[in-house]
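Me: Please take a close look at a single part of this model, a strand and its pairing partners, and then relate that part to the core in one connected account.

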Amino acid sequence: MDSATFDKFRSLVYEKSGIAIKPDKIALVTARVGKRMRALAIDDFKLYLDRVLNDPTGGELVMLLDSISTNVTDFFRENHHFTFLAEKVREWTDSGTGRFRFWSAASSTGEEPYSIAMTVLSALGNVPSDVKILATDISTRVLGVCSKGVYSARQIEPVPPEYRQRFFIKTGTGEAAHYEAGSALKRITQFARLNLSEVPFPMKGPFDVVFCRNVMIYFDTIVRKKLLEECYRLCRKGGYLFVGHAETLTGILSAFKPVAPSIYVKD
Ligand SMILES: C[S@@+](CC[C@H](N)C(=O)[O-])C[C@H]1O[C@@H](n2cnc3c(N)ncnc32)[C@H](O)[C@@H]1O
C-alpha cells in the first residue's frame, strides 16, 4: 500500500468509527486489509477502497473495520469485574432493588454480555427481578454472532461447568460440540448497532453498570473523552463503569471516581 492510499484508509476509518490508526501502522494495515482483499479476490488497495466507498449497504465498511480492529473477546474476561458485579447485585438486591440495567458497550461476539447475564442471574438466585442487558457494537457481523449465541467447545472453556449446564444447550460431542445460549440468557439480552464515536447516543439509561472494555484503546483522546461523558450521563448515581485493564482513565478528564483497578463509580 502506498502512503497516500494508507492516509485515505486512515481518514476513512477515523471518520466512520473514531478508530485512530497511528501513522507508523502501514505494514499492519496492509497485512490486515490485504487479508480481506484476498477473500474478495481484489489485488489493488485503491480498488478495494473504491469498493468500500461505493457499497451502499455499508457492509464492506463493517468488514474493513472488523479487519482493522480486533473482535477478540472471551467469556469472563478480566474475571475480577464479574466477582465485583456479583457482589454489587447481591448488595442491591438485599437493599430492595428489583430492577437492573447493564450495558456492554462494545460487546463483540457476545461473550461479555452473556457473562454479565450468567453472573447476574446466579447472584440473584431465586429473587424475581427485572433484568436487561444491552449489547452494542459497531459491527453488524459480530452482533449477528451475538444474537445466535452459538459457541465452540474451545470458546466455552472459560465458562464454569455448572454455568454451561444451566445456561447453554449443548449439541455434538468432544471438540465438535457446540453450545447455544439458552432462553434464560437470550430473554434478557438485547442487541443493537451503536457507533461509540458518534455522540450523543440514543439510549436514555440509566444503567447500573456500563462495561466499556477493550475498545477505548482504539480511540484518540478526543473520542475517548466524549465517549466517557456519554458513559457518565448514562450511568446512574452509584453505578459503575468497567474498563479494560489497559485503559486507565488517568490523564483523561472524567467525573468518574476510581474504586478499584479498572473500576469507576459515579458518585
Ligand atoms: C477487542 S473487542 C472487545 C470486546 C469486549 N468488550 C471485551 O472486552 O472482551 C473490541 C470491539 O469494539 C468494537 N468497536 C470498534 N470500534 C467501535 C466503535 N466506534 N463503536 C462501537 N464498537 C466499536 C469492535 O467491533 C469489537 O467488537
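**Strand β5 and its surroundings**

Reply: Val150 has Glu180 as its bridge partner in β5, and, this being a predicted model, that pairing and everything below should be read as computed from the prediction. The pair belongs to a wider arrangement in which strand β3 (residues 150–152) and β5 run antiparallel and are joined by three bridges. β5 also pairs with strand β4 (residues 168–171), again in the antiparallel sense, here over four bridges, and within this pairing Phe168 has Ala181 as its bridge partner in β5. The connection from β4 to β5 is a hairpin with six residues between the two strands, and in its turn Gly172 adopts a positive phi of about 80°.

Looking along β5 itself (residues 178–181), one finds that the side chains alternate: Tyr179 and Ala181 point to one face and are buried, whereas His178 and Glu180 point to the other face and are not buried. Glu180, the partner of Val150, is therefore on the face that is not buried, while Ala181, the partner of Phe168, is on the buried one.

Turning to the core, the largest nonpolar core comprises 70 residues, and Val210, Cys212 and Leu241 are those with the most contacts inside it. Helix α6 (residues 111–124) supplies the largest share of this core, namely six residues, and the core draws at least three residues from each of domain 1 (3–68) and domain 2 (80–149 + 181–265). Val210, once its neighbours within four places in sequence are left aside, is in contact with Trp103, Ala105, Cys231, Leu234, Cys235 and Leu241.

Methods. Residues numbered from 1 in each chain as written. Core = buried A, V, L, I, M, F, W, Y, C linked by C-beta atoms within 7 Å. Buried ≥ 20, exposed ≤ 12 C-beta atoms within 10 Å, placed from the backbone. Domains from an automatic or database assignment. Contact = placed C-beta atoms within 7 Å. Pairing = 2+ DSSP bridges.
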